[in-house]
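Trainee: I would like to learn to read a model feature by feature. Can we take one topic at a time?
Mentor: Yes. Have the structure open as we go.

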Amino acid sequence: MTPTAVRPYTRRISPIERGYLNAAATGTPQLIQMVIEGEGTLEADALRQAARAATLASPGLAVRRSGAFWRATGTVPEVVELPAGTGLDDPFFHRDLSVVAGPVCEVGLIRGEQPQLIVRASHIVTDGRGLRQWIADLFRALRGEDVAGCPDTVDDGHFRAAAGDVPPSPAAARLTGLPTIIGRGPAGTRPLWLRRKVPAGPSGVTARAAAALSRHLATDTGRLIVPVDLRRHDPAVRSTANLTSQMVLDLRRDDSWKRVHSTLVRALLTKAEVAVLDRDFLRDNPFANNLSEARELDGSRFPCTAIITDHGEVDPRTYSTPDFRLTSFSTLPMLVPYAEMFLSACRVGDSTELTLSCRDRPGARETADSLLTDVAEALRS
């Protein structure tokens, strides 16, 4: 009997992913970087074998662009060994990943008393949930377990259908001149990252953080983006693709976290992140309708104040082995051309790991540190 041929992993580039391709065309790297810190040991050779097993099961992390499609090439993410003490200013954290030449994912291993694993991937081809699924398989392979895999090739159109009836999305007003909050003057090309570990794990992290941020608005209003995982409309789908849509919300100066939270809940109940998929982003985009408009955003004004993403609870057992125990899980958010800052949160046990990304310019570090202090206090209280 002739064995059935296995079709190579191929999927069409989705509208969401094309938006990230456009953002990358402005010269801003579109990257997800997840940082796992712990106690014990991680061996590079074992990581290479585990990365191969995880990628065979999730070929979406081994694709290259081919016209209107992503096609798996079999390229396994490289494991890069970095010396102990490597910091966030190292070029490893700032180099881009090409979706044309590949690879679209790589792993960094920093040895030391508290080893760190840094998993970097192009945000054009994956999102936070997708990358975490691949990392979970990486650790399953390290533990000698069967990998779960993410073989599905659906795009955001699948979830638009799965969501059923969705109220239409109202047109978002264009805000072109929100003044900067963090620093003034010329900005460097690299992101400035500030990290904070907060001994608290409250509910409503996004709303509490947004309310704390509203105290720093330079005008009476601001604009907030909250990423939402479309997989919630069909949890059976296992895919590493970029399946994250956006909810765009107005922010008021000195806002209350309860008002922000209720607004978020209403938006989720009405499936607002699905409704925006019906919008014509070439004519009805609250940020930039073309590359020329995007390039005009010179860093002195932004149509979006902040992006806030809550990655939720992280189970240390998922990212541990008999020889390595996770103690910290965080992300390094990218710069977004139309947003002044990007705040991410991850909860590990009774603590919340915060990372703020902004442009490195005069006065930025001091202002961003003050803002992050206020967010941390909002989570504690």
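Trainee: How many bridges join strand 6 to strand 7?
Mentor: Strands of a sheet pair through backbone hydrogen bonds, in a parallel or an antiparallel sense. In this predicted model, strand 6 (residues 105–110) and strand 7 run antiparallel, joined by 6 bridges. Take one pair: glycine 108 has isoleucine 118 in strand 7 as its bridge partner. The hairpin of strand 6 and strand 7 has 5 residues between the strands, and glycine 112 there takes a positive phi near 145 degrees.

Trainee: Which strand pairs with strand 7 over 7 bridges?
Mentor: Strand 2 (residues 31–40), in the antiparallel sense. Isoleucine 32 stands opposite alanine 121 of strand 7.

Trainee: Which way do the residues of strand 7 point, and are they buried or exposed?
Mentor: In a regular strand, side chains alternate between the two faces of the sheet. In strand 7, Gln116, Ile118, Arg120 and Ser122 point one way, while Leu117, Val119 and Ala121 point the other way. All are buried. Strand 7 (residues 116–122) is thus counted as mostly covered, with 7 of its 7 residues buried.

Trainee: Now the open sheet. What is the order of its 6 strands?
Mentor: The order is 9-16-15-13-10-11, and the pairing is mixed. The edge strands are strand 9 (191–198) and strand 11, each pairing on one side only. Neighbouring strands of this sheet are turned by 20 degrees against each other on average, direction ignored.

Trainee: Where does tryptophan 193 stand?
Mentor: Opposite serine 357 in strand 16. Strand 9 and strand 16 (residues 351–359) pair over 8 bridges in the antiparallel sense. Helix 9 (residues 364–380) packs on this sheet and touches strand 9, strand 15 (339–348) and strand 16. The direction of helix 9 makes about 30 degrees with that of strand 9.

Trainee: On to charges. How many salt bridges does a search of the whole structure find?
Mentor: Side chains of opposite charge can pair when their charged atoms come close. The search finds 24 salt bridges. One of them joins arginine 223 and aspartate 250, at 3.1 Å from N to O. Arginine 223 lies in strand 10 (residues 221–229) and aspartate 250 in strand 11 (residues 244–252), so the pair ties together parts that are 27 residues apart in sequence.

Trainee: Is each partner of that pair buried or exposed?
Mentor: Arginine 223 is buried, at 4% relative accessibility. Aspartate 250 is exposed, at 51%.

Trainee: Which residue forms a salt bridge with aspartate 229?
Mentor: Arginine 231, with the closest N and O atoms 2.8 Å apart. Arginine 231 counts as buried, at 4% relative accessibility. Aspartate 229 counts as buried too, at 16%. Then look at glutamate 145 and arginine 143, whose side chains meet at 3.0 Å, N to O. Glutamate 145 is partly exposed, at 41% relative accessibility. Arginine 143 is partly exposed as well, with a relative accessible area of 26%.

Trainee: Which residues are linked in a network of salt bridges?
Mentor: Glu43, Asp45, Arg48, Glu81 and Arg111.

Trainee: What is the mean pLDDT of the chain?
Mentor: The mean is 91, and 92% of the residues reach 70 or more. Over residues 1–5, though, the pLDDT is below 50, and this stretch has 0 contacts in the model beyond near neighbours in sequence. Where pLDDT is low, the predicted coordinates should not be read in detail.

Methods: Residues numbered from 1 in each chain as written. Predicted model: local features only at pLDDT ≥ 70, side-chain atom pairs only at ≥ 80, totals over all residues. Heavy atoms only, no water. Salt bridge = Lys/Arg side-chain N within 4 Å of Asp/Glu carboxyl O. Buried < 20%, exposed > 50% of the residue type's maximum accessible area, 1.4 Å probe, protein only. Helix = DSSP H or I, 4+ residues; strand = E, 2+ residues; numbered from the N terminus. pLDDT = per-residue confidence, 0-100. Contact = heavy atoms within 4.5 Å. Pairing = 2+ DSSP bridges. Axes fitted to C-alpha atoms, helices over the stretch in contact; angles between N-to-C directions.
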